[in-house]
Amino acid sequence: MTAPIPFSSEILRFLQRHHYERVIPRAALIDMDGTLYDSMKNHTAAWHRMMTEAGVNCTRDEFYLYEGMTGASTINRLFLRAFGREADSEEKQRLYHLKTEYFKELPKVAPMPGAHEMLEILKETGIKRVLVTGSGQASVIDRISTDFPGMFDHDKRVTSNDVTHGKPHPEPFIRAMQLARVSPSQSIVIENAPLGVEAGDRSGAFTIGVTTGPIPKETMEEAGAAIVFGSMPEFARLLPTLLLSLLTVTRS
């Protein structure tokens, strides 16, 4: 009796939903905050402090749900809710700068446990790595080459400065595919937030959710994750098996 292929049911559901025959992973499009860095607790604290001071009633945890959006879009969303209008360009620039300053005051963030192992596996298997972040915050982005040496080429990075529409729009991941010269069926997305998962799925990539914060697995699945892992170390440990299964499972 032939042993079942791990993750085959999740892969088949994805193939059927996107009308692909198979996925041949040649590029990994990887989120930054909450995926490569354990930074979301600092981001949520900085956002909550800044928006509360601006007169917006909000909770700290809700900013986990906005991860992946550009700063301007996040400010607009909360202004519409609180004041019934979008922020003007001066307000967006001033408030995002203030949020960035509050973030810098907090303790330095560390790489996410399991991130190094994940990247090593992707590199060893010849899969291109593209950074795809909704952030434009240089204080973290500039550390990528130091903290993850040799993992991301400088021309394989997509930030909020490179797109018109942030997540959940698929543009950031479509742009990343263009940089890596791959098609959607040759791409996997690695994300920890619902908006990023939605963007990845809308781009046509095999989108992997990793729950590194308070967002439940079911929310990631509802956003379009093909499969959800409970932590980055778990994902890194099972990544070789998943990659092999992706190359094995086809839609008949």
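## Terms and model

Contact here means heavy atoms within 4.5 Å of each other. With that in hand, let's look around this structure, which is a predicted model.

## The sheet and a helix across it

Let's start with the sheet. Six strands make up an open sheet, and its pairing is parallel. Reading across, the order is β3-β2-β1-β4-β5-β6. The edges are held by β3 (157-158) and β6 (227-229), each of which pairs on one side only. As general background, strands of a sheet pair through backbone hydrogen bonds.

At the β3 edge, β2 (residues 128-132) runs parallel to β3, and 2 bridges join them. If you want a spot to look at there, Val132 stands opposite Val158 in β3.

Now for a helix: α6 (residues 115-124) lies across β1, β2 and β4 (187-191). The direction of α6 is at about 155 degrees to β1.

## A closer look at Thr35

Thr35 sits in the loop between β1 (27-30) and α2 (40-53). Is Thr35 buried or exposed? Its relative accessible area is 1%, and buried means under 20%, so Thr35 counts as buried.

The side chain of Thr35 has polar partners too. One polar contact, of 3.2 Å, links the side chain of Thr35 to that of Asp31. Another, at 3.3 Å, links the side chain of Thr35 to the side chain of Asn192.

Which residues does Thr35 touch once its neighbours within four places in sequence are left aside? Thr35 is then in contact with Ile30, Met112, Ala115, Ile190, Glu191, Asn192 and Met232.

Key: Residues numbered from 1 in each chain as written. Predicted model: local features only at pLDDT ≥ 70, side-chain atom pairs only at ≥ 80, totals over all residues. Heavy atoms only, no water. Helix = DSSP H or I, 4+ residues; strand = E, 2+ residues; numbered from the N terminus. Buried < 20%, exposed > 50% of the residue type's maximum accessible area, 1.4 Å probe, protein only. Polar contact = N/O pair within 3.5 Å; in protein donor to acceptor, adjacent residues only side chain to side chain. Pairing = 2+ DSSP bridges. Axes fitted to C-alpha atoms, helices over the stretch in contact; angles between N-to-C directions.
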